[in-house]
Each structure stands twice: as C-alpha cells, then as structure tokens.
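Student: I would like to learn how the labels used for a protein structure are justified. Could we go through some of them with care?

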Amino acid sequence: MRYVLRDGNVVGCDDSQDVFLKKLYTTSFGKFLLGILTKPFISNIGGAFMNSSYSKFLIKPFIRNNLIDMTQYEDREFESYNDFFTRKIKEGKRTIDMDKSHLISPCDSKLTVYDINEDCVMSIKDTLYSVNSLLRDRKLAKKYHGGKALVFRLTVDDYHRYIYIDDGLKSRNRSIEGVYHTVNPVANDMMPIYRENHREYTMIRSNNFGDIIQMEVGALMVGRITNHHEMAKVSRGEEKGYFEFGGSTIVLLFKKDSVIIDDDIIKNTKNGLETRVLMGDKIGVRGTYGKS
C-alpha cells in the first residue's frame, strides 16, 4: 500500500500484515481459516491470550519487524501484548495544534477524504459503503449530505490511542455489533468491510465545527473498542479512547460547509493515495458554516 507524507514524499508499504491478509483472503485454506477466525468465541479467546502474560514473547519481534521507534513511548515493562499495543506516547512526542480554527487529526493514521451527497458511496480500495450503511440511521445520515467524511486507517504499527478534535458536548456511545473482521483493503475480494465490523459512534456538539460524528471501527481479533466517556463535556486534545490488538479505523463526519480540508490531502485523495497524518496535526480549517 502506498501513502503520502505531508512533505509530499510517497511511501510504498507492503508490510507483514498485508502479506498475511492477502494469503488469508485469496487462498482456499485462508478462506477456510477466515471463517474460523471471525467467530466471536475465537475472537474472545484471541483477546484473552493477547491480554495474558503468555503473549509477551510477541512484543520484541513486532517492534523489530515494524521498525517501531520505542523512544517515542513510555519506558516501562509491558505485562502483555495488549499492554504493549495500547502503550502511551511520551509527553511532548505529539503536538496538539490548539488553534481553535484548525481541524486536527484524532490519531496517527492514513487519511482519505470523501464528499457526502445523496448518491455518494465511499470507497477504501474498492469497498463501497454509504453513510447510512455505516450509521444504520437514514435520518441521521441525511443531515450530513453535502458535508465531508474523513476516514483514518490505522495499521498495526500506528499509535492506537485517539483524541477529541474540539471542545464540546458528546452524546452517549452507540454500539453496532458485527463480525470481527479485518479493515485491511485486501479483504475487499471477499465481503464488504464496514458492514461486517463492530463499530461505535457518538455525536459531538463541538464549539467550532458543528455537530461531528466520530466512529471507531474494530477489526479482526480486536476484542474491544474502549471509549472513556458516555455523555460528557470534552476538550480538544483529551484522550477519547483506544483500540486493542489489530488494525482499526476512525471515521469523522462533518456537516456541509463546517470544514475545509487542506489542499494536499484533497489532492492525494483524488490521486488515489492516502495521506499520513499524526495525532494533533492540522488537516484543515473551520468552514463558513461553523456551528450547526
């Protein structure tokens, strides 16, 4: 998979996760194995193992194979693989842009942007879905027509904690159950991605960007999406939650004219490339609509 850094350099990335998933989805044995791995009880067993001390042996090879710079993270002994996977970054290693007119990224990820309209279907490497199919709420989805959908794809080497992008009031969390199934684009040959994944979303009545919907999408072998708050007053840069083991995705939905996305990100999307962003980075500015 290829993505673009903010300095314009294109990075080619065919990591071990991509290789494994290609075999999983394109071979007969892989498809058989997939049918087993996506069973909820298997995911629960996998989650229990990743939370146990027995999984610690996986940490060092993972760091080495994915070239993870551990100087960025808290220096401590990890109790399990999931303890490592949900590690916290050192203070000061991510700068949160606090300019209220700036739209920021909620996480480290690869970003794609879509326009939302009546006929719009969003695609991540040929997987098609609508805002309505994500939310399972046609009335709510219609309120975002004319707006923007931002898809942040996290891979296993990314920092898997995420933040609120603005001050505001959040609603309760709504959970949509689904089969734990990978969000890796290789999966497209088999079945739609988002319709198969467990996901959770909330509406944030933000001070600067109107009513934002933030959705977290779980992936294969992820036992849990952990969000810290139900209904609450939240702050820009405050940690919202984290994913456990696996690649995952965050989706932000904005109403019409509430945001203007940076030109380089729009250009990259039009060219079929994702843009590498870090948590707290500026990715756009407040639009003319402001509050809803």
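Tutor: What follows is a set of questions about labels, each answered by setting a value against a definition.

Tutor: Before we start, this is a predicted model, in which local features need pLDDT of at least 70 and side-chain atom pairs count only at pLDDT 80 or more, while totals for chains, interfaces and linings use all residues. Residues are numbered from 1 along each chain as its sequence is written, and side-chain values use heavy atoms, with hydrogens and water left out.

Student: Why is Ser-80 called buried?

Tutor: Buried means under 20% relative accessible area, exposed means over 50%, and partly exposed lies in between, with a 1.4 Å probe and protein chains only. Ser-80 has a relative accessible area of 5%, so it is buried.

Student: Where is Ser-80 found?

Tutor: Ser-80 is in the loop between α4 (59-65) and α5 (81-85), where helices (H or I, at least four residues) and strands (E, at least two) are DSSP runs numbered from the N terminus. In the whole chain there are 8 helices and 19 strands.

Student: Which residues is Ser-80 in contact with, leaving aside its neighbours within four places in sequence?

Tutor: Contact means heavy atoms within 4.5 Å, and on that basis Ser-80 is in contact with residues including Met-50, Ser-53 and Ile-59. Ser-53 is 27 residues apart from Ser-80 in sequence, and the two lie 4.7 Å apart in space, C-alpha to C-alpha.

Student: What makes the approach of the Ser-80 side chain to the backbone oxygen of Met-50 a polar contact?

Tutor: A polar contact is a pair of N or O atoms within 3.5 Å; within protein, one must be able to donate a hydrogen and the other to accept it, and residues adjacent in sequence count only if both atoms are side-chain atoms. The side chain of Ser-80 reaches the backbone oxygen of Met-50 at 3.4 Å, and a polar atom of that side chain lies 3.1 Å from the backbone nitrogen of Asp-83.

Student: Is Asp-211 buried or exposed?

Tutor: Asp-211 has a relative accessible area of 3%, and therefore it is buried. Asp-211 sits in strand β12 (residues 211-217), and its side chain makes a polar contact with the side chain of Arg-205 at 2.8 Å.

Student: Why is Lys-267 called exposed?

Tutor: The relative accessible area of Lys-267 is 56%, so Lys-267 is exposed. Lys-267 belongs to helix α8 (residues 263-270).

Student: Why does Asp-257 count as partly exposed?

Tutor: Asp-257 counts as partly exposed because its relative accessibility is 40%. Asp-257 lies in the loop between β16 and β17, and it has a positive phi of about 65 degrees although it is not a glycine.

Student: What makes a positive phi worth pointing out?

Tutor: Most residues other than glycine have a negative phi. Leu-67, which is not a glycine, also has a positive phi, of about 50 degrees. Leu-67 lies in the loop between α4 and α5, and at 76% relative accessibility it counts as exposed.

Student: How much of the chain counts as buried?

Tutor: Of the 292 residues of the chain, 54% count as buried. Among contacts between residues at least 6 apart in sequence, 75% join residues at least 24 apart.
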